[in-house]
Amino acid sequence: AVVSTQSTGKKLLSDDITTVSANELQFYTSLSATCIQIPLWILTEMSLPKWADFPLLLIDGISFHLQSVTAYCLMNLISPVTHSVANTVKRGLLIWLSVMAFGNQVSILSWVGTSLVIAGVFLYNEAKKQSAVPVQRTAVYVSTDYIV
């Protein structure tokens, strides 16, 4: 869902016909998410949100907005692939921090997944370093002695 939202957002922002700024796009996606979330909350909780929940919802909304603005700014500075790799690392770290904080059991599959993330990031960084190394070119001298 995040990938499709980001690619739809990039398409809307780069379209010559549509004049939607990044802030407007963020506002409309957040508004539509809120319109979807409130009925689902009512269905699952079987009640309207309590007044004590509204400050938490406000903090959640502000945090999401700041995260999205940061992602848009970061996407302007680095490539989308680098952003995706950094996001994958962030998710892996959050999972392992929650495992350490709450003492959950870790399965073999979790270890394999984490190892794949770490290996993927290492290989990506190595490939990026190699592509950044300038290629040394040797000069080729052509003799003009045989030109008539």
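This section describes the fold, surface and selected residue environments of a predicted protein model.

The model contains five helices and zero strands, and its elements follow one another along the sequence in the pattern α-α-α-α-α. Of the 148 residues in the protein, 11% are buried. Where contacts link residues at least 6 apart in sequence, 49% of them join residues at least 24 apart. The accessible surface amounts to about 12,600 Å², and carbon and sulfur atoms account for 69% of this area.

Confidence varies along the chain. The average pLDDT of the protein is 75, and 77% of the residues reach a score of at least 70. The lowest confidence is found in helix α1, comprising residues 2-14, with a mean of 54, whereas the highest is found in α5, at 83. Where pLDDT is low, predicted coordinates should not be read in detail.

Helix α2 spans residues 22-45 and includes Trp-41. With a relative accessible area of 17%, Trp-41 falls under the 20% limit and is therefore buried. Beyond its neighbours within four places in sequence, Trp-41 is in contact with Met-46, Ser-47, Pro-49, Asp-53 and Leu-57. Asp-53 is also a residue of helix α3, which covers residues 53-77.

Helix α3 consists of 25 residues, and its first and last C-alpha atoms lie 36 Å apart, close to the 36 Å expected at 1.5 Å a residue. Its buried residues are Ser-68, Ala-71 and Met-75. Helix α4, formed by residues 80-102, agrees with the expected span as well: its 23 residues should extend over 33 Å, and its end C-alpha atoms are separated by 33 Å. The buried residues in α4 are Thr-82, His-83, Asn-87, Gly-92, Trp-96 and Val-99. Immediately after this helix, Gly-103 adopts a positive phi of about 70°.

Asn-87, located in helix α4, has a relative accessible area of 18% and so counts as buried, the limit being 20%. Between Asn-87 and Ala-71 there are 9.6 Å in space from C-alpha to C-alpha, and the two are 16 residues apart in sequence. Ala-71 itself is among the buried residues of α3.

Helix α5 comprises residues 108-132 and contains Ile-108. On the surface, Ile-108 joins Leu-109, Val-112 and Leu-116 in a nonpolar patch, and the four residues together have about 460 Å² of accessible area. Ile-108 has a relative accessible area of 66% and is therefore exposed, the threshold being over 50%.

The structure holds one salt bridge. This interaction brings together the side chains of Lys-129 and Glu-126, at 3.6 Å from N to O. Because the two residues are three places apart in helix α5, about one helical turn separates Lys-129 and Glu-126. An α-helix has 3.6 residues a turn, so residues three or four places apart point the same way. The two partners fall into separate accessibility classes: Lys-129, at 52% relative accessibility, counts as exposed, while Glu-126, with a relative accessible area of 27%, is partly exposed.

Terms used
Residues numbered from 1 in each chain as written. Predicted model: local features only at pLDDT ≥ 70, side-chain atom pairs only at ≥ 80, totals over all residues. Heavy atoms only, no water. Helix = DSSP H or I, 4+ residues; strand = E, 2+ residues; numbered from the N terminus. Buried < 20%, exposed > 50% of the residue type's maximum accessible area, 1.4 Å probe, protein only. Contact = heavy atoms within 4.5 Å. Areas by Shrake-Rupley, 256 points an atom, 1.4 Å probe, with all protein chains shown as cover. Patch = residues over 30% accessible without salt bridge, like charges linked within 9 Å, V, L, I, M, F, W, Y side chains within 5 Å. pLDDT = per-residue confidence, 0-100. Expected span 1.5 Å × (residues − 1).
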